[in-house]
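Trainee: I am new to this structure and would like a close look at a single part of it, namely the salt bridges and the strands that carry them. Could you take me through that part slowly, and then show me what lies around it?

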Amino acid sequence: VNIMPRVAFSFPISEEASFFAHYDILTKRPTSGYRFDPYEYQYIQSRNAVISNSNLKPEKTVDYELGFQQVLTRTSSVKISAFYREQRNNVQLVNIFQAYPATYKTYGNRDFGTVKGFSFTYDRRRVGNIKLTATYTLQFADGSGSDANSSGGLNTRGPIRNLIPLSYDERHRITSTIDYRYGSGKKYDGPRIGGVDIFANTGLNFIVNAVSGRPYTKRRTVQQFGGVGFEGAINGARLPWNATIDARLDKSFNLNTGGEGGRPLYFNVYLRVQNLLDTKNVYGVYSATGSEEDDGYLISSFGQDRLSQVSANGQSEEVFLAQYNYRLLQPGFYSLARRIYLGATVNF
């Protein structure tokens, strides 16, 4: 990865407000299709052979951002920024026709994309025990391909050149961090038991995320665990919104005050919970039905024919349906369940 130094500017308007801008360029070696492997040429005459291309150019990303920051009170501020990102020389699968001794596929720097949008951030510094940060981001991620093989199943003529929503396009994202924490010593204002500051250096942190669904391509004809044909535009359908809340409860202990030239030593014990509410977010669906639980095959004419074949062969329809329904359960279609971590860190 080659990262050019950031070019950043800040233009103060007053003590409470300022404009800012930055410009970044990042280049990186392709992650797929760049290795030269002579072994691949032994099977170049096989159908749909894919040959790596060691001559690929680095993929390049150019970032632009322009924003405005305003102080509202002594403890809070807002920041509004607009961003634009260009993705150049992205790798995509290419068909090489009329080649000798056989037609084959390879990779080329054919894809491009843009990501544009704006974000609004409210920041409230710690007042008393509470600190709050909230951000809303609106973005549009469009391009000619989401990854190096995204055009492989679309047509036989090569990469498409029309802009479509990329598979990682998240139109809306809302993120908020809330931190409630007690200090120690004179800064402690929590409950006491027997004169002991029981919650000294103790804090509770919540991270809330809400994201609109990513795009997927709706299919017209039902197949087992999928579909064929296009119903609407490529990546023209959307998954549902998903939301998660993560929490962390921790307490720090000062094991060494740093007296007599010693360095302070802090021991932190924490309890971290991911997906606190055990929300069952949907990250994937069957393309023909838009459902995460049913691919539509069993109720289709194809499925009914299959059931007739099962009966004709003397097999149990009940067992077939049970096994098929087991197969429909896709763990990757859902977010991970609630996870709880108990740990400790030492800082010195």
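**Salt bridges and their strands**

Mentor: Asp179 counts as buried, with a relative accessibility of 8%, and this residue is a good place to begin, in a model that is predicted. The side chain of Asp179 meets that of Arg126 in a salt bridge, with 2.8 Å from N to O. Because Asp179 lies in strand 10 (residues 172-181) and Arg126 in strand 7, the pair ties together parts that are 53 residues apart in sequence. Arg126, for its part, is partly exposed, its relative accessible area being 36%, so this salt bridge joins a buried residue to a partly exposed one. As a general point, side chains of opposite charge can pair when their charged atoms come close.

The pair does not stand by itself, since salt bridges that share partners join Arg126, Asp179, Arg181, Arg248 and Asp250 into one network. The structure as a whole holds twelve salt bridges, and two others are worth following in the same manner.

One of them also involves strand 7: Lys116 forms a salt bridge with Asp142, and the closest N and O atoms are 3.8 Å apart. Lys116 lies in strand 7 (residues 104-127) while Asp142 lies in strand 8 (residues 130-143), so this pair ties together parts that are 26 residues apart in sequence. Lys116 counts as partly exposed at 32% relative accessibility, whereas Asp142, at 17%, counts as buried, the limit for buried being under 20%.

The other joins Arg238 and Asp169, whose side chains meet in a salt bridge of 2.6 Å, N to O. Here the pair links distant parts of the chain, for Arg238 is in strand 17 (residues 237-238) and Asp169 is in the loop between strand 9 (164-165) and strand 10, 69 residues apart. Arg238 counts as partly exposed at 34% relative accessibility, while Asp169 counts as buried at 0%.

With the salt bridges in place, we can turn to the strands beside strand 7. Strand 6 and strand 7 pair in the antiparallel sense over 19 bridges, and within this pairing Gln87 has Gly113 in strand 7 as its bridge partner. On strand 5 (residues 59-71), the pairing with strand 6 (residues 76-96) is antiparallel as well and runs over twelve bridges. Strand 5 and strand 6 form a hairpin, with four residues between them, and Gly67 stands opposite Ser81 in strand 6. Strand 6 therefore pairs both with strand 5 and with strand 7.

Strand 6 also holds Val91, which counts as buried at 4% relative accessibility. The C-alpha atom of Val91 is separated by 5.2 Å from that of Ala148, although the two residues are 57 residues apart along the chain.

Finally, for what lies outside these strands, consider the two helices. The axes of helix 1 (residues 301-312) and helix 2 (residues 317-328) come within 9 Å and cross at roughly 135°, and the two helices are therefore oblique to each other. In their contact, Arg306, Leu307, Val310 and Ser311 of helix 1 meet Glu317, Phe320 and Leu321 of helix 2. Sorted by class, this contact has four nonpolar, one polar and two charged residues.

Definitions and conventions
Residues are numbered from 1 along each chain as its sequence is written. This is a predicted model: local features need pLDDT of at least 70, side-chain atom pairs count only at pLDDT 80 or more; totals for chains, interfaces and linings use all residues. Side-chain values use heavy atoms; hydrogens and water are left out. A salt bridge is a side-chain nitrogen of Lys or Arg within 4 Å of a carboxyl oxygen of Asp or Glu. Buried means under 20% relative accessible area, exposed over 50%, partly exposed in between (1.4 Å probe, protein chains only). Two strands pair if DSSP finds at least two bridges between them. Axes are lines fitted to C-alpha atoms, for helices over the stretch in contact, and angles run from 0 to 180 degrees between N-to-C directions. Angles under 35 degrees count as roughly parallel, over 145 as roughly antiparallel, 65 to 115 as roughly perpendicular and the rest as oblique. Contact means heavy atoms within 4.5 Å. Ala, Val, Leu, Ile, Met, Phe, Trp, Tyr, Cys and Pro count as nonpolar, Asp, Glu, Lys and Arg as charged, and the others, Gly among them, as polar.
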